[in-house]
Amino acid sequence: MNRRYFLSSSVALGTLLACSRLPLGYGSVDDKAKKNNSLNAQGVKKVTRTNEEWKRILNPDQYKVTREKGTEAPFSSPLNEIHEQGIFECVACELPLFSSAAKFDSGTGWPSFWQPIAKENVREEVDNSLSETRTEVLCARCDSHIGHVFEDGPRPTGLRYCMNGVALKFVKGKA
């Protein structure tokens, strides 16, 4: 095993283990959202809003991707170039979804991660909207469409969480 790969993997694994001890729902959600939440099966408090409320909170690109299951153009997200330590949160409800320690350059043009910060923070559904069957990734708190997961990622998981950058918000140094 290559020494550089071993060291970077050890640091990434240590960071992820430290992050896994954080409460699942840290971060702030406005008071109205706190009043409209309930616990889902995974223990993450749900946030429900009307489409009109989502349109007031999200910009048009964010709304199209997160609420209408759109896809941003590849190589268009500034999150592709972020290599700092931090957390990628859901843009709609601020639930922590991915750590920068699990981010990698997949060459696809979308921010990619080999695992979520906590499995409970994401939900997966079968997506048959194209000619191939894919696995859609949604925020477990607000059901925002974040992207898709594929089984062609790096070790140790072999997964590639291919996410829309407009569906995520980077918070520097929270990892």
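**Briefing: sheet, core and aromatic contacts**

Phe113 is buried, with a relative accessible area of 0%. This residue belongs to a predicted model, in which Phe113 lies in strand β6 and its aromatic partner Phe98 in strand β4. Around these two residues the briefing collects the open sheet, the β3-β4 hairpin, the nonpolar core and the aromatic contacts.

**The open sheet**

- Six strands, in the order β5-β6-β10-β9-β8-β7, make up an open sheet whose pairing is antiparallel.
- The edges are taken by β5 (103-104) and β7 (122-127), each of which has a single partner strand, so one side of each is left without a neighbour in the sheet.
- At the β5 edge, the partner is β6 (residues 112-113), and the two strands pair in the antiparallel sense over two bridges.
- Within this pairing, Lys103 stands opposite Phe113 in β6, the residue introduced above as buried.

**The β3-β4 hairpin**

- Strands β3 and β4 pair in the antiparallel sense over three bridges, and they form a hairpin with five residues between them.
- Glu94, which lies in the turn of this hairpin, has a positive phi of about 70°.
- Glu89 has Pro96 in β4 as its bridge partner.

**The nonpolar core**

- The largest nonpolar core has 29 residues, and those with the most contacts inside it are Leu97 and Leu168.
- At least two residues of this core are supplied by each of α4 (60-66), β3 (86-90), β4 (96-99), β8 (134-139), β9 (145-150), β10 (160-163) and β11 (168-172).
- When residues up to four places away in sequence are not counted, Leu97 touches Phe88, Glu89, Cys90, Pro116, Ile117, Asn121, Val122, Cys139, Ile146 and Leu168.
- This list of contacts includes Leu168, which is named with Leu97 for having the most contacts inside the core.

**Aromatic contacts**

- The structure holds four aromatic pairs.
- One of them joins Phe98 and Phe113, which are stacked at 4.4 Å centre to centre with 20° between the planes.
- Because Phe98 lies in strand β4 and Phe113 in strand β6, the pair ties together parts that are 15 residues apart in sequence.
- Phe98 is buried, with a relative accessible area of 0%, and the value for Phe113 is likewise 0%.
- A single aromatic cluster is formed by Phe88, Phe98, Phe113, Tyr161 and Phe170, and among its members Phe88 is also touched by Leu97.
- A further contact with a ring involves Arg49, which lies over the face of Trp54 at 5.3 Å from the ring centre.

Notes:
Residues are numbered from 1 along each chain as its sequence is written. This is a predicted model: local features need pLDDT of at least 70, side-chain atom pairs count only at pLDDT 80 or more; totals for chains, interfaces and linings use all residues. Side-chain values use heavy atoms; hydrogens and water are left out. Two strands pair if DSSP finds at least two bridges between them. Helices (H or I, at least four residues) and strands (E, at least two) are DSSP runs, numbered from the N terminus. A nonpolar core is a set of buried Ala, Val, Leu, Ile, Met, Phe, Trp, Tyr and Cys residues joined through side-chain atoms within 4.5 Å. Buried means under 20% relative accessible area, exposed over 50%, partly exposed in between (1.4 Å probe, protein chains only). Contact means heavy atoms within 4.5 Å. Rings of Phe, Tyr and Trp (its six-membered ring) pair if their centres lie within 6.5 Å; planes under 30 degrees apart count as stacked, over 60 as edge-to-face and the rest as tilted. A charge sits over a ring if NZ of Lys or CZ of Arg is within 6 Å of the ring centre and within 35 degrees of the ring normal.
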